[in-house]
Amino acid sequence: MLKPLAGESRVFPAGEDERTPIISFQVITDTHVTTDPEHLHNEHWMQALQDIAAHAASSIGIMHVGDVTDRGLRAEYEEFARIWDIYKADLPPIWLTYGNHDIFLGDLESQLSLYEKFTGMKAPYHDVWLQDYHFIFLGSEQGLKDFAYLSADQLSWLDHKLNERADAAKPKFVFLHQPLKDTVAGSLESQGWFGVTQDKELKEVLEKHPEAIMFSGHTHWELEAGLTAFDGKGETAVLFNCSSVAYLWTNEDEYKEGSQGLYVDVYEDKVIVRGRDFTTSAWVASTAYEVGAGKGAGSP
């Protein structure tokens, strides 16, 4: 069951629960790093890393959901890496997928080559097991301006991976830049949704795996806008909007300066997801959720 926790006294920094989480990690998206070291997006990337370094000593990883750069340029990746190198000694490892801004300008093959060179990730999709939990990263196989294109091979691979080391009691974590239609904030048709060309096909895969928890970015919708989480109700994955590190977007369809992401704590019987404001190093009071662990956990 997806349960909002906002306002409850126990929604505090990791370690203040009655039990220590089995694993903890952060989910960020849309850093949009530019070539200008003094650009606000680059400053926000630094602030996010500073916050995680200061408040997530037990984290096993930072999961980046795409739009690493603003235009997929070598100089932008160099700036992304320069900032990372400043803080990496105090940070957990980072795993990434890419977004449309990383691949839609110019030749797809060369842009994917840059992405792989500077991130160390395998494009367009890959996975990793961390402390016996599965993290699966999806990515577009065409350089589309706004949408993601997932081939039948990728969807079949995802289905296979979600069945790997099957354990109905454990959540599986999926990351894709674009959201599924009519689910989380910014994905509604009335909001001008740009998502996954194979929206129906991806939903069909996730319907087989209600123990999955999927994180997306792309929309930049601020966590305070509502619809941060979509309850799978035991019929499909639980979905989360991860907002944006670079800048935010509002329900009034307007730009807003700010930088946000998610902190995730995993217990044997639940997953706690909380919103974080990186500019103030504070929790987003309206964004705290408990997800019951395991297959069918969304059912009452």
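**Contacts, sheet and helices in a predicted model**

Leaving aside neighbours within four places in sequence, Leu158 is in contact with Ile136, Leu138, Leu202 and Val205. The model is predicted.

Visitor: Is Leu158 buried or exposed?
Guide: Leu158 is found in helix H5, residues 152-163. Its relative accessible area is 1%. Buried means under 20%, so Leu158 is buried.

Visitor: What separates the C-alpha atoms of Leu158 and Asp127?
Guide: Along the chain, Leu158 and Asp127 are 31 residues apart. In space, their C-alpha atoms are separated by 9.5 Å.

Visitor: In what order do the seven strands of the open sheet come?
Guide: The pairing in this sheet is mixed. From one strand to the next, the twist averages 25°. The order is S1-S15-S14-S13-S2-S3-S4.

Visitor: Which strands stand at the edges?
Guide: An edge strand here has a single partner strand, so one side of it is left without a neighbour in the sheet. That applies to S1 (2-4) and S4 (94-96).

Visitor: Which residue in S13 is the bridge partner of Ile23?
Guide: Strand S2 covers residues 23-28 and strand S13 residues 260-266. The two run antiparallel, joined by five bridges. In S13, the partner of Ile23 is Val266.

Visitor: What angle does the direction of helix H1 make with that of S13?
Guide: H1, residues 40-55, packs on the sheet. It touches S2, S3 (62-64), S4, S13 and S14 (270-277). With the direction of S13, that of H1 makes about 25°.

Visitor: Are H1 and H2 roughly parallel or roughly antiparallel?
Guide: The axes of H1 and H2 (residues 74-87) come within 10 Å and cross at roughly 25°. Angles under 35 degrees count as roughly parallel. The crossing is right-handed. The crossing angle therefore makes H1 and H2 roughly parallel.

Visitor: How many residues of the contact of H1 with H2 are charged?
Guide: From H1 come Asn42, Trp45, Met46, Leu49 and Gln50. They meet Glu79, Phe80, Ile83, Trp84 and Tyr87 in H2. Seven residues of this contact are nonpolar and two are polar. The number charged is one.

Visitor: Is Asp199 buried or exposed?
Guide: Asp199 is found in helix H6, residues 199-207. Leaving aside neighbours within four places in sequence, Asp199 is in contact with Leu180, Lys181 and Trp193. Its relative accessible area is 11%. The cut-off for buried is under 20%, so Asp199 is buried.

Notes
Residues are numbered from 1 along each chain as its sequence is written. This is a predicted model: local features need pLDDT of at least 70, side-chain atom pairs count only at pLDDT 80 or more; totals for chains, interfaces and linings use all residues. Side-chain values use heavy atoms; hydrogens and water are left out. Two strands pair if DSSP finds at least two bridges between them. Helices (H or I, at least four residues) and strands (E, at least two) are DSSP runs, numbered from the N terminus. Axes are lines fitted to C-alpha atoms, for helices over the stretch in contact, and angles run from 0 to 180 degrees between N-to-C directions. Contact means heavy atoms within 4.5 Å. Buried means under 20% relative accessible area, exposed over 50%, partly exposed in between (1.4 Å probe, protein chains only). Angles under 35 degrees count as roughly parallel, over 145 as roughly antiparallel, 65 to 115 as roughly perpendicular and the rest as oblique. A crossing is left-handed if the near helix is turned anticlockwise from the far one by less than a right angle, and right-handed if clockwise. Ala, Val, Leu, Ile, Met, Phe, Trp, Tyr, Cys and Pro count as nonpolar, Asp, Glu, Lys and Arg as charged, and the others, Gly among them, as polar.
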